[in-house]
Amino acid sequence: MSRSPSSTVGPVPRFAVVGVPGNRRVTLFQEAVRAAGLPAARVVPWSAVLRGEATFRPGETVRMDSPGEDAEVERLLRAVDDPTRVEGTALWYARFTAAVREVARAAAAAGAELLDDPGDVAVLFDKRLCHGVLAGAAVPVPASATSGPGAPVVRGWADVRALMGGHGMPRAFVKLAHGSSASGVLAVETAGPGRVRATTSVERDNAGRLFNSLRVRRCTTEREVAAIVDALAPDGLHIERWLPKASQHGRSADLRVVVVAGRATHAVVRTSRSPMTNLHLGGERGSLDEVRVAVRAAGGSWAEVLAVCERAAACFPETLCVAVDLLPATGWRRFAVGEVNAFGDLLPRLTGLPGSGAEGLDTYAAQVAAVLNRARNHRATTTA
């Protein structure tokens, strides 16, 4: 996986990564940096950013990574002591996007280069805004009742029920606008007055507090669904049509596709017996070879599938790497983009797609290689 920078002319990039020290994401990125023959990345903790103590150095290439899996950072962002709590995502979003802007300001002041655009990050962490941007660029997405900056405010279950009915959505996903990892997601089905059920990983205690669980469960009464939605609504909700998805071996399937520097480099199939395919909720990796065969059998092409993801990533041109959640319709002929993720590249041991330019590289090594290639191209341009 090593790529030596010895053939380059002039200084090579010096990385700084804003992340959680010791976290597996930072560790994997450091391994990729070392494998490329570069000096170790300087780690800038998110906690330091949030305390106003982060500094950068001239010429550094600054990469931001997820602030998750750090109890202190969770307290600073969401003001909660229990990281399994669901509530507080609106506060998290406000504080996190402010922190990202501070990283950008400090990096610019130091003469460092940032690989993640603050404006892109703000859109990527608001499902309503992201859906609107994708739809405006003619990227296929599920129909939504809450797309774009002018979307109606969802105040609770009554609004959800009315919007689903008004948009002809008997089945819909109700999501926290600023949620991630399926936190606060409900897959809702309606069939007439009082006939409502939902699939979710949210648990509600006797005090009405909401917690994330690793167990996907079924809510079978409208009263129970309404109580959860009403509790989620103050943090902002996004509603989109629940599309019937293709399956693999009897399990619902979708794809996570990583796009680096505009090119789809890595893809993984996720399958599940529930509507949520997240691996931490019981999802499993499926066969990418079988997906390619199914797409061809349906009259499509794998190149067209990847092109959809690259079109979605092109909506965020100032951000080096994004991960696209791609939803295959029943029959494997049509695809829609469910979400675009800023920090969706944690796919350990997964190497690049054939023909992607990232063969033999994991997602982090592909990003390092892209930065090195960009530096080489810049030097070639400036010395021509």
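Select helix H7 (residues 157-166) together with helix H8 (residues 222-232) in this predicted model. The two helices pack with their axes 8 Å apart, at an angle of about 110°. Angles of 65 to 115 degrees count as roughly perpendicular, and H7 and H8 therefore stand roughly perpendicular to each other.

Next, display the side chains where these helices meet. H7 contributes Trp157, Val160 and Arg161 to the contact, while H8 contributes Glu222, Val225, Ala226, Val229 and Asp230. Sorted by class, the contact comprises 5 nonpolar and 3 charged residues, with no polar ones.

Proceed to the largest nonpolar core, which has 59 residues. Trp46, Phe56, Leu255 and Val340 are the residues to select here, as they touch the most other members. Then highlight helix H4 (residues 89-110), which supplies the largest share of this core, 9 residues.

Centre the view on Leu255. Which residues is Leu255 in contact with, leaving aside its neighbours within four places in sequence? They are Val268, Val269, Leu288, Val291, Trp302, Val324, Asp325, Leu326, Pro328, Trp332 and Phe335.

Another core, of 30 residues, lies apart from the largest one. To find this second core, select Val26, Leu346, Leu347 and Ala358, which are among its members.

Finally, turn to the cysteines. The structure holds 0 disulfides. Cys309 is accordingly in no disulfide, and its nearest cysteine sulfur, that of Cys315, is 12 Å away. Is Cys309 buried or exposed? Cys309 counts as buried because its relative accessibility is 0%. Select Cys219 as the last stop: this residue is buried, with a relative accessible area of 0%.

Conventions:
Residues numbered from 1 in each chain as written. Predicted model: local features only at pLDDT ≥ 70, side-chain atom pairs only at ≥ 80, totals over all residues. Heavy atoms only, no water. Disulfide = S-S within 2.5 Å. Buried < 20%, exposed > 50% of the residue type's maximum accessible area, 1.4 Å probe, protein only. Core = buried A, V, L, I, M, F, W, Y, C linked by side-chain atoms within 4.5 Å. Helix = DSSP H or I, 4+ residues; strand = E, 2+ residues; numbered from the N terminus. Contact = heavy atoms within 4.5 Å. Axes fitted to C-alpha atoms, helices over the stretch in contact; angles between N-to-C directions. Parallel < 35°, antiparallel > 145°, perpendicular 65-115°, else oblique. Nonpolar A, V, L, I, M, F, W, Y, C, P; charged D, E, K, R; others polar.
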